[in-house]
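Below is a short report on one protein chain. Look at the model first, then read on.

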Amino acid sequence: MSSIILSDEYADARNLNEAIDMRGQKAFAQSVTPDDFGDASLNGMAKVGIAELWAESRWNDGRSTRNIALEQFTADIHEGDMLEIRRCPEEISPWGYSFHRVDDDIMLPYTPYHDFDDRFLSRMLDDLSENERLICQVRDTTCYGEDGIDIDPSFHWRVYTCKVTVYRQNLPESRKD
């Protein structure tokens, strides 16, 4: 049986998943604000945590095409917007879940930013009852990018990040999907 060597900071972890969870707890502690400990609900939804999402767009002049649709979908997401996390087949998303605007069938190009975000969101989805869903309220969005880099002036990139507060919401009896 091989053992995983972890840094001193995570030496107490019994396995890699525990180390990932510890990193997630550390990131959570560094990114929460006093508002996160205020009213624990939003319109009857229970706050369960925070996460960070991301989407990327890369292209080369003359060799690949810029994904304008992806960039528009992510650029249209703003602070205060509400997103829903839905389970889906891994053929659609390797994460087994996808992100949508609330009550919209269009899948957004987001994925979890960190491994600990994925573990958190997966656990929250696994814990849902059939009459609940996960809703995210967008806290902040940022776009990073560059047109041309020293090593390859034809290379362009954009990374869209989206920090969210995650809520568990009970569905009305008439909307169980």
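The model is predicted, and its count of aromatic pairs comes to 2. One of them joins tyrosine 97 and phenylalanine 99. The ring centres lie 5.8 Å apart, and the planes meet at 80°. That makes the pair edge-to-face. Tyrosine 97 is buried, and so is phenylalanine 99.

**Fold and confidence**

The chain holds 3 helices and 8 strands. In sequence order they read α-β-β-α-β-β-β-β-α-β-β. Of the 177 residues, 38% are buried. Consider contacts between residues at least 6 apart in sequence: 64% of them join residues at least 24 apart.

Mean pLDDT for the chain is 83. A value of 70 or more is reached by 75% of the residues. Among the elements, strand 3 (residues 82–87) has the highest mean, 96. Helix 1 (residues 16–31) has the lowest, 62.

**Helix 3 and its link to strand 8**

Helix 3 covers residues 115–126, 12 in number. From first C-alpha to last it reaches 16 Å, close to the 16 Å expected at 1.5 Å a residue. Its buried residues are Phe116, Asp117, Asp118, Phe120, Leu121, Ser122, Met124 and Leu125.

Methionine 124 sits in helix 3. Is methionine 124 buried or exposed? Its relative accessibility is 13%, so methionine 124 counts as buried. Beyond its neighbours within four places in sequence, methionine 124 is in contact with Val48, Leu134 and Arg168. Methionine 124 and arginine 168 are 44 residues apart along the chain. Their C-alpha atoms are separated by 8.4 Å.

Arginine 168 belongs to strand 8 (residues 152–170). Which residues does arginine 168 touch, not counting those up to four places away in sequence? They are Met45, Ala46, Val48, Met124, Asp127, Leu128, Glu132, Arg133 and Leu134. Val48 and Leu134 thus appear in the contact lists of both methionine 124 and arginine 168. Two of the residues touched by arginine 168, Asp127 and Glu132, also appear in the table of polar distances below.

**Histidine 156, also in strand 8**

Histidine 156 lies in strand 8. Its relative accessible area is 9%, so histidine 156 is buried. Not counting residues up to four places away in sequence, histidine 156 touches Ser57, Arg58, Trp59, Asp61, Glu146, Asp147 and Gly148. The side chain of Asp61 also makes a polar contact with the side chain of histidine 156.

Here are the polar distances for the two strand 8 side chains.

| Side chain | Partner | Distance |
|---|---|---|
| Arginine 168 | Aspartate 127, backbone oxygen | 3.3 Å |
| Arginine 168 | Glutamate 132, side chain | 3.4 Å |
| Histidine 156 | Aspartate 61, side chain | 2.8 Å |
| Histidine 156 | Serine 154, backbone oxygen | 3.2 Å |

**Two loop residues**

Glutamate 79 is in the loop between helix 2 (68–75) and strand 3. Is glutamate 79 buried or exposed? Its relative accessible area is 62%; exposed means over 50%, so glutamate 79 is exposed. Glutamate 79 still has contacts beyond four places in sequence: Val138 and Arg139. The C-alpha atoms of glutamate 79 and valine 138 are separated by 4.9 Å. Along the chain, these two are 59 residues apart.

Aspartate 103 is in the loop between strand 4 (97–101) and strand 5 (107–108). Its phi is near 60°. That is a positive value in a residue other than glycine. At 55% relative accessibility, aspartate 103 counts as exposed.

**Cysteines**

How many disulfides does the count come to? The answer is 0. A disulfide would need two cysteine sulfur atoms within 2.5 Å. Cysteine 88 has a relative accessible area of 16%. Buried means under 20%, so cysteine 88 is buried. Cysteine 143, at 43% relative accessibility, is partly exposed because that value falls between the 20% and 50% cut-offs.

How values were computed
Residues are numbered from 1 along each chain as its sequence is written. Side-chain values use heavy atoms; hydrogens and water are left out. Helices (H or I, at least four residues) and strands (E, at least two) are DSSP runs, numbered from the N terminus. The expected span of a helix is 1.5 Å times one less than its number of residues. Buried means under 20% relative accessible area, exposed over 50%, partly exposed in between (1.4 Å probe, protein chains only). Rings of Phe, Tyr and Trp (its six-membered ring) pair if their centres lie within 6.5 Å; planes under 30 degrees apart count as stacked, over 60 as edge-to-face and the rest as tilted. A polar contact is a pair of N or O atoms within 3.5 Å; within protein, one must be able to donate a hydrogen and the other to accept it, and residues adjacent in sequence count only if both atoms are side-chain atoms. Contact means heavy atoms within 4.5 Å. pLDDT is the predictor's confidence in each residue, from 0 to 100.
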